[in-house]
Amino acid sequence: MVVDQMGASDSFAGTVTARLALGDPLIDAVRLGVSAALLSVGGLGGAGHVATLEESQAHPARAVEVCG
């Protein structure tokens, strides 16, 4: 359920940047970033819900195939 979309782009960008810095492949970093952003909209405000790595890894968005 979407409560507040503020901070979703920050969650995405921060997660992708961190995962790339840690050596993850781009596609994996982006999938994890999408999961973190989707989870962030469930809380109020920019820091209403900051997903843990485990939550982001378990989120269904990680299973989506990317066509390219």
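How many helices and how many strands are there in the chain? In this predicted model, the chain holds three helices and zero strands, and, read from the N terminus on, its elements run α-α-α. Of the 68 residues of the chain, 29% count as buried. Among the contacts in the chain with a separation of 6 or more, 58% are accounted for by residues 24 or more positions apart.

A good place to begin is helix 2, which covers residues 26–40 and therefore has 15 residues; from its first C-alpha to its last it reaches 21 Å, close to the 21 Å expected at 1.5 Å a residue. The buried residues of this helix are Ala29, Arg31, Leu32, Gly33, Ser35, Ala36, Ala37 and Ser40. What covers these buried residues includes helix 1 (8–21) and helix 3 (53–58). As a general point on such spacing, an α-helix has 3.6 residues a turn, so residues three or four places apart point the same way.

The pairing of helix 1 with helix 2 can be followed in some detail. Their axes come within 8 Å and cross at roughly 150 degrees; because angles over 145 degrees count as roughly antiparallel, helix 1 is roughly antiparallel to helix 2. The crossing of the two helices is right-handed. On the side of helix 1, the contact is made by Ala8, Ser11, Phe12, Thr15, Val16, Arg19 and Leu20, and on the side of helix 2 by Leu26, Ala29, Val30, Leu32, Gly33, Val34, Ala36, Ala37 and Ser40.

Two residues of this contact, Ser11 and Arg19, deserve a separate look. Ser11 has its place in helix 1, and, leaving aside its neighbours within four places in sequence, Ser11 is in contact with Ala36, Ala37 and Ser40. Is Ser11 buried or exposed? At 17% relative accessibility, Ser11 counts as buried, because buried means under 20% relative accessible area. Its partners Ala36, Ala37 and Ser40 are likewise listed among the buried residues of helix 2.

Arg19, which also takes part in the contact of helix 1 with helix 2, is buried as well, with a relative accessible area of 19%. Which residue does the side chain of Arg19 meet in a salt bridge? The partner is Asp24, at 2.7 Å from N to O. Side chains of opposite charge can pair when their charged atoms come close. The count of salt bridges comes to one.

Definitions and conventions:
Residues are numbered from 1 along each chain as its sequence is written. This is a predicted model: local features need pLDDT of at least 70, side-chain atom pairs count only at pLDDT 80 or more; totals for chains, interfaces and linings use all residues. Side-chain values use heavy atoms; hydrogens and water are left out. Helices (H or I, at least four residues) and strands (E, at least two) are DSSP runs, numbered from the N terminus. Buried means under 20% relative accessible area, exposed over 50%, partly exposed in between (1.4 Å probe, protein chains only). Contact means heavy atoms within 4.5 Å. A salt bridge is a side-chain nitrogen of Lys or Arg within 4 Å of a carboxyl oxygen of Asp or Glu. Axes are lines fitted to C-alpha atoms, for helices over the stretch in contact, and angles run from 0 to 180 degrees between N-to-C directions. Angles under 35 degrees count as roughly parallel, over 145 as roughly antiparallel, 65 to 115 as roughly perpendicular and the rest as oblique. A crossing is left-handed if the near helix is turned anticlockwise from the far one by less than a right angle, and right-handed if clockwise.
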